[in-house]
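Me: I have this model open on my screen and would like a close look at one part of it. Could you take me through a single strand and then its surroundings?

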Amino acid sequence: MSRAVSVTYLVRSTAEALAAAAAGFVVEAAAAAVASRGVARIAISGGNTPKGMFSLLADRGQPFFAKMPWDKLHLFWVDERCVPPTDKDSNYRMTNEAMLAHVPLPAAQVHRMEGELEPEVAATRYEATLEAEFGPGMPVFDLVLLGMGDDGHTASLFPHTAALHEVKRHVVANHVLQKETWRITLTAPVINSGRAVAFEIQGEDKAPVIHDVFLGPYDPESKPSQLIRPESGALTLLLDQAAAAKLPAPASSSAAGVLELI
Ligand code: 6PG
């Protein structure tokens with residue numbers, strides 16, 4: 001049975017405004033974590049959507065760069081394709097080109113999923129990485145930043161794949177038949193343990209799936225993003241207007257919308 005969650009959604013007029021809102025959200029989460037615990041551990045997604053936000057974080061002319069506690073930030077991935085870090089499909093490569101190559105984040109604080117390895121080896125090694133960084137037991141990220149595919153997947157939790165049912169392991173190799181590929185992914189229990197969990201989603205092609213995930217019947221086998229029900233009871237959506245088109249419009253452009261998932 002899923003747990004009740006209050007979904008707060010912030011809607012920005014354009015993809016550029018969304019990227020700025022996401023950059024601000026990440027910096028605030030990192031600064032709050034450092035203020036509370038002296039370190040910020042954030043898990044990021046790949047794909048296309050986060051690129052704009054990563055570039056803004058790396059831009060010394062933007063307010064985000066100076067506010068990010070780079071020296072106390074540890075970066076992790078939510079998932080990775082099973083390819084080398086130099087491959088065009090690598091989430092690490094995208095992040096490195098958009099941000100890592102331009103910021104003073106120590107290499108030892110960048111925890112890459114080793115997509116070049118055998119999938120199960122990579123998954124097991126990443127579990128060891130999480131244990132080394134978080135200690136034994138459930139890793140609790142300060143922020144887990146997710147995307148959503150138009151098929152309702154998030155991380156590499158794709159519809160009708162084995163990883164959807166994993167409740168014990170923290171990281172698994174997931175065979176994605178529909179893409180004829182393997183992926184490495186955090187499992188839903190780890191994502192749901194995040195102190196803050198947010199989706200950043202843009203584009204009109206995502207409006208239908210956002211509606212189905214948050215307003216449609218509960219069917220996580222077909223819409224795995226419905227597995228994301230944070231233990232904190234809170235979930236944030238950072239959306240552009242196009243992606244938010246099938247959600248109830250917030251009271252005003254500056255207000256947040258709220259959905260109660262029971
Ligand atoms: C990946 C991501 C994946 C992504 C969604 C949305 O490895 O591709 O982690 O979960 O967030 O597929 O991707 P876009 O942002 O490109 O639409």
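Here is the part I have in mind, followed by one connected answer.

Me: Please look closely at strand β3 (residues 73–77). Which way do its side chains point, which strands does β3 pair with, and where does β3 come in the order of the sheet?

Reply: Happy to. Please keep in mind that this is a predicted model.

Let's begin with the strand itself. β3 covers residues 73–77, and five of its five residues are buried. Leu73, Leu75 and Trp77 point one way, while His74 and Phe76 point the other way. In a regular strand the side chains alternate between the two faces of the sheet. Residues on both sides of β3 are buried here, His74 among them. Buried stands for a relative accessible area under 20%.

Now to the partners. Strand β2, residues 40–44, runs parallel to β3, and five bridges join the two. If you would like a pair to click on, Ile42 has Leu75 of β3 as its bridge partner. The pairing of β3 with strand β5, residues 110–111, is parallel too, and it rests on two bridges. There you can find Phe76 opposite His111 of β5.

Zoom out a little and β3 takes its place in an open sheet of eight strands with mixed pairing. The order is β5-β3-β2-β6-β9-β10-β1-β11, which puts β3 between β5 and β2. The edges belong to β5 and to β11 (257–261); each has a single partner strand, so one side of each is left without a neighbour in the sheet. Further along the order, strand β6 (residues 143–146) and strand β9 (residues 197–201) run parallel and share three bridges. In that pair, Val144 is matched with Val197 of β9.

Two loops that follow β6 are also worth a click. Ala155 is in the loop between β6 and β7 (171–176), and its phi is near 50°, a positive value in a residue other than glycine. Glu180, in the loop between β7 and β8 (181–186), likewise has a positive phi near 50°. Their surroundings are another matter: Ala155 counts as buried at 7% relative accessibility, whereas Glu180 is exposed at 72%.

A helix residue makes a good last stop. Met94 is part of helix α4, residues 91–98, and is buried, with a relative accessible area of 10%. Setting aside neighbours within four places in sequence, Met94 is in contact with Ser45, Gly46, Gly47, Pro50, Lys51 and Phe54. Phe54 is 40 residues away from Met94 along the chain, yet their C-alpha atoms are separated by 9.5 Å.

Finally, the whole chain gives these details a setting. There are seven helices and 11 strands. The radius of gyration is 17 Å, close to the 18 Å that the globule rule gives for 262 residues, so the chain is as compact as a globular protein of that length. Buried residues account for 54% of the 262. Among contacts between residues at least 6 apart in sequence, 75% join residues at least 24 apart. As for the surface, the chain exposes about 11,200 Å², with carbon and sulfur atoms supplying 53% of that area. The charged side chains comprise 22 positive and 30 negative ones, and the centres of the two sets lie 4 Å apart.

Conventions. Residues numbered from 1 in each chain as written. Predicted model: local features only at pLDDT ≥ 70, side-chain atom pairs only at ≥ 80, totals over all residues. Heavy atoms only, no water. Helix = DSSP H or I, 4+ residues; strand = E, 2+ residues; numbered from the N terminus. Rg over C-alpha atoms; globule rule 2.2 N^0.38 Å. Buried < 20%, exposed > 50% of the residue type's maximum accessible area, 1.4 Å probe, protein only. Contact = heavy atoms within 4.5 Å. Areas by Shrake-Rupley, 256 points an atom, 1.4 Å probe, with all protein chains shown as cover. Lys, Arg positive; Asp, Glu negative; His and termini not counted. Charge placed at Lys NZ, Arg CZ, Asp CG, Glu CD. Pairing = 2+ DSSP bridges.
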